[in-house]
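Me: Please take a close look at a single helix of this model and describe how it is set within the rest of the protein. I would also welcome an account of the ligand site and of any further residues that merit description.

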Amino acid sequence: MNVSDLIDSRAKELLSANRRKRFYGELAETESMLRMSLNENVLIDKSFSNTLLQEVAKRIDARRYPSAKGGTALKAISEYIGAWEDQIIVGNGSDEIIELAAKVFVGGGEAIVVSPTFEMYKFYVSVNRGIVCESLLNEGFDLSASEVLSEVNERTKAIFICSPNNPTGKQFSRDEVLRVVEDSDRLVVLDEAYVDFAPYSLTREATKYNNLLILRTFSKAFGLAGLRIGYGVGDSEMIEWLRAAQSPFSVNSVAQEMCKIVLENRRVYESFVNKVKEERKYLLAELQMINGIKTFDSDANFILFRVIGGERRSEDVAKRLMAAGIEVRDRGGLPMLSNCLRVTVADWTSDQKFVKELEKAMREPQ
Ligand SMILES: Cc1ncc(COP(=O)(O)O)c(C=O)c1O
């Protein structure tokens with residue numbers, strides 16, 4: 001028997017594209033490769049972070065299973081955002097909670113994904129046998145509640161919105177998002193992974209509605225992408241259903257304890273976030289000076305830009321940068337984003353290197 005005969009045909013169809021082209025490639029940041037493609041936060045002082053990790057090592061007992069509900073992390077997050085512990089689910093990255101929402105609340109039904117956006121909503125809904133309907137943003141990459149609401153039908157189970165949106169970078173208007181929550185009568189998953197870099201958060205609204213699930217992560221502002229910890233906030237009954245489908249020990253003890261310690265040091269992390277915002281301003285200004293580049297404003301730790309005014313394609317620019325040792329994300333294949341690329345805001349030296357190589361790439365004959 002072939003291994004592939006063990007998979008039913010629908011699953012095979014869903015997974016085969018991913019098997020050919022893994023979402024995140026090899027993930028190698030070596031000395032010769034600068035990774036500016038995953039929106040990690042390298043402006044966090046690594047030695048500060050490692051000092052906290054050493055303290056974590058003293059506190060945990062790796063021989064024991066971690067607390068099932070998130071333990072010290074759950075308590076710390078509850079105090080941080082001002083919600084009860086039963087209104088919070090801690091996950092192995094916010095990715096895990098996206099998948100749980102797809103599994104529990106969408107299942108084989110339909111989900112509206114406000115697009116172009118983070119690809120994992122589509123992925124998790126699809127691998128859990130759901131159907132994705134994309135609702136496009138308007139020309140200025142803003143959310144139109146009327147547009148989204150017009151796509152809701154009797155099969156719609158959930159609506160996924162990312163704000164600030166990855167990869168466009170913009171945070172949507174609070175009123176438009178809340179109108180979708182209030183008028184759709186469906187689960188709204190609002191992913192605020194990048195909200196710490198943006199003007200406002202709707203996290204406090206999550207517990208006022210019974211159909212709003214807000215996702216946050218420690219991977220971005222707190223630089224814990226490698227430890228995998230994120231959380232969802234919402235109505236306690238919704239959280240209970242999500243927890244019912246979660247693997248018991250999905251969040252490891254290092255991540256749980258580190259989460260508590262970074263929140264104790266939140267003022268220091270706020271200063272790192274301010275650095276990102278400063279660096280974003282600088283990078284945006286530099287990009288705006290390059291001929292043939294159009295930039296989009298960002299409320300996140302990345303910038304979307306478009307290659308314009310010629311035959312040059314974003315794919316070629318990404319390849320050219322890769323050859324120079326810089327990895328960015330070509331987003332040109334997403335709806336509305338022809339010829340667009342996304343670059344993560346990094347430290348000044350890396351940003352300079354990127355700008356220099358992009359300038360060179362844009363000067364080369366097409
Ligand atoms: C919009 C968005 N949501 C969620 C995630 C996943 O975050 P986590 O590391 O918490 O799984 C990402 C990662 O890049 C993201 O861009």
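Reply: In this predicted model, helix H9 runs through residues 253-264. At 1.5 Å a residue, its 12 residues should span 16 Å, and the C-alpha atoms at its two ends lie 17 Å apart, so the expected and computed lengths agree.

The N-terminal end of H9 is capped by Asn252. A side-chain oxygen of Asn252 is placed 3.0 Å from the backbone nitrogen of Val254.

As to its surroundings, H9 is largely enclosed by the rest of the structure, because nine of its 12 residues are buried. Burial here means a relative accessible area under 20%. Near the start of the list of buried residues are Ser253, Ala255, Gln256, Glu257 and Met258, and the list continues with Cys259, Ile261, Val262 and Leu263. The cover over these buried residues includes three other helices: H2 (46-59), H3 (71-81) and H10 (266-288).

Helix H10 also holds Arg266. With a relative accessibility of 28%, Arg266 counts as partly exposed, since that class lies between the 20% and 50% limits. Between Arg266 and Ser9 there are 48 Å in space, C-alpha to C-alpha, and the two are 257 residues apart in sequence.

A second arginine, Arg320, belongs to helix H11 (residues 314-323). Its relative accessibility is 19%, so Arg320 counts as buried. Leaving aside residues up to four places away in sequence, Arg320 touches Glu357, Lys360, Ala361 and Glu364.

The ligand site comes next. The ligand is surrounded by 14 residues, of which Ser94, Asp191, Tyr194, Thr217 and Ser219 are the closest. By class, this shell consists of five nonpolar, five polar and four charged residues. Helix H4 (residues 93-106) supplies the largest share of the shell, namely three residues.

Several polar side chains approach oxygen atoms of the ligand. For Tyr194, the separation between a polar side-chain atom and a ligand oxygen is 2.6 Å. An N or O atom in the side chain of Ser219 is likewise 2.6 Å from an oxygen atom of the ligand. For Asn166, a polar side-chain atom lies 2.8 Å from a ligand oxygen. On its own the ligand has 400 Å² of accessible area, and the protein covers 93% of that area.

Conventions
Residues are numbered from 1 along each chain as its sequence is written. This is a predicted model: local features need pLDDT of at least 70, side-chain atom pairs count only at pLDDT 80 or more; totals for chains, interfaces and linings use all residues. Side-chain values use heavy atoms; hydrogens and water are left out. A residue is near a molecule or strand if one of its heavy atoms lies within 4 Å of it. A polar contact is a pair of N or O atoms within 3.5 Å; within protein, one must be able to donate a hydrogen and the other to accept it, and residues adjacent in sequence count only if both atoms are side-chain atoms. Accessible areas come from the Shrake-Rupley method with a 1.4 Å probe; for residues, only the protein chains shown count as cover. Helices (H or I, at least four residues) and strands (E, at least two) are DSSP runs, numbered from the N terminus. Ala, Val, Leu, Ile, Met, Phe, Trp, Tyr, Cys and Pro count as nonpolar, Asp, Glu, Lys and Arg as charged, and the others, Gly among them, as polar. The expected span of a helix is 1.5 Å times one less than its number of residues. Buried means under 20% relative accessible area, exposed over 50%, partly exposed in between (1.4 Å probe, protein chains only). Contact means heavy atoms within 4.5 Å.
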